[in-house]
Amino acid sequence: KETTSAQALDAWDAALSAQGLLAAAQLLNRHYHLVITNVPYLGLRKQGEEIRSFCEAHYQVAKADLATVMTQRCLELTLIGGYVFVVTQNAVTFKAYFEKFRGFLLKEMSMSMVAPLGPGAFSSITGEVVDVALLSINNSKSTASTLVSIFDVQSENYENKISLLKSVQPSIRVQSEFLLNPGL
């Protein structure tokens, strides 16, 4: 049976897709010193059954949102002592909905920086819809003296947020203080 050019192109596309999937699998099987990302957000109630079941089975403490699941996954991809920097929803830092995940971070990791950016953190997204925070997490167990730098620029406009993040001295707190009240 003779192969048509359309069939040959389909076979070529399938081979390239398989090669891309293999490369992605190899990247996701490694460990890194640094992982930086803007995690996707999708609350538990809006997740389809398949993703919800996966998150509940593999990420029990982070299952409240895809953002926290992806943050935990980033930590799994990081070498001990490595860093994860994520842009995530600001609600992770204070809402009761995320208390289990905050407890995990505070007990099992070293928080290096928390920067609640609040609404208006991106020049291309207007309005109050996107309310984000930057988190820097060291993949190591915190100690009694682990310090956290806090940059709170929530009330500022976009231009002022950038300027303040570059110039303002952060508030420095001992991470263990947050264990008493895990609402960062």
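At the start of helix H3, a side-chain oxygen of Asp 65 reaches to within 2.8 Å of the backbone nitrogen of Ala 67. This is a predicted model, and H3 is a good place to begin reading it. The helix spans residues 66-76.

How much of H3 is buried? Eight of its 11 residues are, so the helix is mostly covered. The buried ones are Leu 66, Ala 67, Thr 68, Val 69, Thr 71, Gln 72, Cys 74 and Leu 75. What lies over them? The cover includes two helices, H2 (49-58) and H4 (99-108). It also includes the strands E1, E2 and E4 (131-138).

Now pick out one residue of H3, Thr 71. Is Thr 71 buried or exposed? Its relative accessible area is 2%, and buried means under 20%, so Thr 71 counts as buried. A polar atom of its side chain lies 2.8 Å from the backbone oxygen of Ala 67. An α-helix has 3.6 residues a turn, so residues three or four places apart point the same way. Set aside neighbours within four places in sequence, and Thr 71 is in contact with Val 39, Val 86, Phe 101 and Ile 137.

Follow that last contact. Ile 137 touches Thr 71 and also Leu 75, again leaving aside neighbours within four places in sequence. Its other contacts include Gly 82, Tyr 83, Val 84, Leu 105 and Met 111.

This leads to the nonpolar core. In soluble globular proteins, nonpolar side chains tend to be buried together. Here the largest nonpolar core has 29 residues. Which of them touch the most other members? They are Leu 75, Leu 105, Met 111 and Ile 137. H3, E2, H4, E3 (110-119), E4 and E5 (147-150) each supply at least two residues of this core. H3 gives the most, with five residues. A second, separate core has eight residues, among them Val 87, Leu 117, Ala 121 and Val 153.

Last comes the sheet. Its six strands run in the order E1-E2-E4-E3-E5-E6. The sheet is open, and its pairing is mixed. Which strands form the edges? E1 (32-38) and E6 (171-174) do, and each pairs on one side only. From one strand to the next, the twist averages 15°. At one edge, E1 pairs with E2 (residues 78-89) in the parallel sense, over six bridges. In one of these pairings, Ile 36 has Phe 85 of E2 as its bridge partner.

Technical notes
Residues numbered from 1 in each chain as written. Predicted model: local features only at pLDDT ≥ 70, side-chain atom pairs only at ≥ 80, totals over all residues. Heavy atoms only, no water. Pairing = 2+ DSSP bridges. Helix = DSSP H or I, 4+ residues; strand = E, 2+ residues; numbered from the N terminus. Axes fitted to C-alpha atoms, helices over the stretch in contact; angles between N-to-C directions. Buried < 20%, exposed > 50% of the residue type's maximum accessible area, 1.4 Å probe, protein only. Contact = heavy atoms within 4.5 Å. Polar contact = N/O pair within 3.5 Å; in protein donor to acceptor, adjacent residues only side chain to side chain. Core = buried A, V, L, I, M, F, W, Y, C linked by side-chain atoms within 4.5 Å.
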